[in-house]
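This report covers aromatic pairs, a pocket and one threonine. Please look over the sequence and the structure first.

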Amino acid sequence: MKTRFSMGMVKAGAALAILLLFAIIHLINPAFLPHMFGLLARGDIQETASYIASFGSWAVVFSFLLTLFVNALGFPPAIIFSTANTLIFGIVWGIVLSVIAETIGVAFSFILMRFFFRDAAEKIISKNKTLSNIDKYSGSRGFVVMLIARMVPYFPSVMLNALGALSAMSFRDYVIASFVGKFPSTGIEAIIGHDTITHQEDPTRLVVVIIFAILLIAGAWWYERSAAKKAAKDL
């Protein structure tokens with residue numbers, strides 16, 4: 001009983017700390033949060049790129065933190081910021097910056113969701129045999145499943161964040177799978193957005209990236225099926 005009460009106090013303290021952070025930001029610059037939330041709600045890539053670039057030498061830091069925050073939140077779609085990053089910093093560095101920031105963001109999301117909701121999820125899972133089996137599978141095969149899912153462009157990140165956090169997947173597997181899987185998906189999303197906005201006529205780069213991503217996804221899917229069949233035979 002005391003342990004549950006203590007954990008409840010810790011969770012309440014963590015929630016208050018997050019609210020306090022927003023309150024401090026608001027006190028320092030009252031116009032910042034309303035402007036940012038308006039920017040996020042509009043989802044205008046060129047406006048976002050212009051706003052980030054307005055920070056000058058601090059643009060890379062601001063873009064990193066903004067991309068991290070959005071991916072931790074799971075809204076709006078990360079493509080807005082990965083594309084904006086390529087417009088400001090170039091294709092290669094824009095994608096690298098986006099992938100690193102996105103990975104750290106989804107890692108924060110994992111930690112927060114698991115901290116606040118995993119106990120409740122475990123109670124529900126323990127009462128359902130099907131959910132229990134899925135939960136066990138996510139612990140043993142979750143890495144490859146998450147890797148494949150992260151490779152798929154335009155897949156809602158918030159769903160994968162919740163799937164990882166509320167399952168039995170380890171934090172290490174989740175982070176590595178997210179980091180590796182985000183390169184092809186973020187690359188495709190960013191290049192499509194970049195080339196559309198800048199009106200690139202030569203589709204060679206985009207075609208190469210798409211073919212590479214398809215090969216990666218197909219290879220990971222084949223590996224998962226082979227491993228699952230082998231595991232089933234061993235049982």
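## Aromatic pairs

Rings of Phe, Tyr and Trp (its six-membered ring) pair if their centres lie within 6.5 Å. In this predicted model, ring pairs join Tyr51, Phe55 and Phe62 into a cluster. The structure holds six aromatic pairs.

One of them is formed by Phe110 and Tyr174. Their ring centres are 4.5 Å apart. Their planes meet at 35°, so the pair is tilted; planes under 30 degrees apart would count as stacked. Phe110 sits in helix α6 (residues 91–126), and Tyr174 in helix α9 (residues 171–197). The pair therefore ties together parts that are 64 residues apart in sequence. Phe110 and Tyr174 are both buried.

## A pair within helix α9

Phe179 and Phe183 also pair. The ring centres of Phe179 and Phe183 lie 5.3 Å apart. With planes at 85°, the pair is edge-to-face, since that class takes angles over 60 degrees.

Both residues belong to helix α9. They are four residues apart, about one turn of the helix. Are these two rings buried or partly exposed? Phe179 has 35% relative accessibility and counts as partly exposed. Phe183 is partly exposed as well, at a relative accessible area of 33%.

## The second largest pocket

The second largest pocket has a volume of about 350 Å³. It is lined by 22 residues. Closest to its centre are Ala78, Phe155, Pro156, Ser157 and Glu189.

Which elements give two or more residues to this lining? They are α4 (59–73), α8 (157–166) and α9. Helix α9 supplies the largest share, four residues. By class, the lining has 13 nonpolar, five polar and four charged residues.

## Thr86

Thr86 lies in helix α5 (residues 79–89). Its relative accessible area is 2%. Thr86 is therefore buried, as the cut-off for that class is under 20%.

Where does the side chain of Thr86 find a polar partner? A polar atom of this side chain lies 2.6 Å from the backbone oxygen of Thr83. Leaving aside residues up to four places away in sequence, Thr86 touches Ile91, Gly94, Ile95, Ala190 and His194.

## Helix α9 in review

Helix α9 recurs in these sections. Tyr174 of α9 pairs with Phe110 of α6. Phe179 and Phe183 both lie in α9. The helix also gives four residues to the lining of the second largest pocket.

Terms used
Residues are numbered from 1 along each chain as its sequence is written. This is a predicted model: local features need pLDDT of at least 70, side-chain atom pairs count only at pLDDT 80 or more; totals for chains, interfaces and linings use all residues. Side-chain values use heavy atoms; hydrogens and water are left out. Buried means under 20% relative accessible area, exposed over 50%, partly exposed in between (1.4 Å probe, protein chains only). On a 1 Å grid over the protein atoms alone, a cavity is a set of points where a 1.4 Å probe fits but cannot get out, and a pocket is an open set with protein on both sides within 12 Å along at least five of seven lines; lining residues have an atom within 4 Å of a point. Grid points are joined across faces, edges and corners, and a volume is the space filled by probe spheres set on the points. Ala, Val, Leu, Ile, Met, Phe, Trp, Tyr, Cys and Pro count as nonpolar, Asp, Glu, Lys and Arg as charged, and the others, Gly among them, as polar. A polar contact is a pair of N or O atoms within 3.5 Å; within protein, one must be able to donate a hydrogen and the other to accept it, and residues adjacent in sequence count only if both atoms are side-chain atoms. Contact means heavy atoms within 4.5 Å.
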